[in-house]
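Welcome, and thanks for pulling up a chair. Let's walk through this structure together, starting from the inside.

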Amino acid sequence: MKKTAKAAWSATGVAGLALSAAFVASSLPASANVVAVTSPVSAGPAAHGQQYPDGPSSVDGSPLERCRRGADYVVPGRNPVLDEPLNTGFKSNVGLSVKVQLEGGTFYGSRKLIFTNTGGAPVHTDCLVLKFRAPSGSVDHHYRASVQYGHPQQDYVEVPRGNGESHYVIRFGFHDVPLADRNVPVGQTWTYELAGSNQGSMSLEATRDSVEVLADMNVGGNNWVSQYGTKRLGN
């Protein structure tokens, strides 16, 4: 296994003014029913020093398969995410930009977190942890990428705040696919998408600025995510 690399959070300010929720669909690609989109913001180092796992796929115990199996965890009391300071600026330990796009409508729609690799090397998304706030009650939530990808399972939890918003905490768990299917090359994108009602209860900019990304830097698996009571979802 590779030598441990230091995972340092970094963040930058907002890159440009956010587009308002009244952004018209006619100015966006006609292939998607996009009703609003934010401007992108960036965070994380270009030279992130992430270590990549080795070993075969489809073999328990292989470093490549360290997150293939998940467990359902129980939080005995109040979820600790509710007592953490609210994040109000995009954070990442690898070079990424993010923008948030709404498709469909505010009554029911898909809220997409669209990430671009702005660094100087591929970003390995296996065992990556994603935290953000969005409208409560997501009924469909999944990962997509602009290049081949391995349909990761998820260690997932939604924690309502009681005001129409929820904290979402996710760890990706790929399995049975080669390393290339778990990486996002320089300049390419990956997306996390939520679908549900009441999309007008929280602005897209507020979701964007709440995002935190913690990639697995040292092939350790980011197992600390279990403190939030995540549950393993299938593909």
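Which residues touch the most other members of the largest nonpolar core? This is a predicted model, and in it that core has 33 residues, with F90, F115, L130, F132, F172 and W190 touching the most other members. Strands 2 (41–43), 4 (96–103), 5 (108–117), 7 (129–135), 8 (140–145), 10 (165–173) and 12 (189–197) each give two or more residues to this core. Strand 4 supplies the largest share, four residues. As a general point, nonpolar side chains tend to be buried together in soluble globular proteins.

F172 is a good place to pause. Setting aside its neighbours within four places in sequence, F172 is in contact with a list of residues that includes C67, L128, L130, Y143, P152, W190 and Y192. D126 is also among the contacts of F172, and we will meet D126 again shortly. Apart from this core, there is a second, separate one of eight residues, V81, V159, V169 and V225 among them.

Now step back to the whole chain for a moment. The protein chain has one helix and 14 strands, and 49% of its 235 residues count as buried. Among contacts with a separation of 6 or more, 79% are between residues 24 or more positions apart. On the outside, the chain exposes about 10,100 Å², of which carbon and sulfur atoms supply 55%.

Charged residues come next. Side chains of opposite charge can pair when their charged atoms come close. The structure holds 17 salt bridges, and R182 takes part in two that are worth finding on your screen. In one, the side chain of R182 meets that of E65, at 2.7 Å from N to O. R182 sits in the loop between strand 10 and strand 11 (183–184), while E65 sits in the loop between strand 2 and strand 3 (91–92), so this pair ties together parts that are 117 residues apart in sequence. Both R182 and E65 are buried.

In the other, the side chain of R182 meets that of D126, at 2.8 Å from N to O. D126 belongs to the loop between strand 6 (123–124) and strand 7, so its pairing with R182, in the loop between strand 10 and strand 11, ties together parts that are 56 residues apart in sequence. D126 is buried, as is R182.

A further salt bridge joins the side chains of R144 and E193, at 3.1 Å from N to O. This pair links distant parts of the chain, with R144 in strand 8 and E193 in strand 12, 49 residues apart. R144 has a relative accessible area of 37%, so R144 is partly exposed. E193 is at 7% relative accessibility and therefore counts as buried. Salt bridges that share partners also build one network out of D60, E65, R66, R68, R69, D126, D176, R182 and D216.

The helix deserves a look too. R208 is found in helix 1, residues 204–210. With a relative accessible area of 2%, R208 is buried, and a polar contact of 2.9 Å joins its side chain to that of D209.

Finally, a word on confidence. The mean pLDDT of the protein chain is 86, and 85% of the residues reach 70 or more. Over residues 1–31, however, pLDDT stays under 50, although the model has 59 contacts beyond four places in sequence for them. Where pLDDT is low, the predicted coordinates should not be read in detail.

Methods: Residues numbered from 1 in each chain as written. Predicted model: local features only at pLDDT ≥ 70, side-chain atom pairs only at ≥ 80, totals over all residues. Heavy atoms only, no water. pLDDT = per-residue confidence, 0-100. Contact = heavy atoms within 4.5 Å. Core = buried A, V, L, I, M, F, W, Y, C linked by side-chain atoms within 4.5 Å. Buried < 20%, exposed > 50% of the residue type's maximum accessible area, 1.4 Å probe, protein only. Salt bridge = Lys/Arg side-chain N within 4 Å of Asp/Glu carboxyl O. Areas by Shrake-Rupley, 256 points an atom, 1.4 Å probe, with all protein chains shown as cover. Polar contact = N/O pair within 3.5 Å; in protein donor to acceptor, adjacent residues only side chain to side chain.
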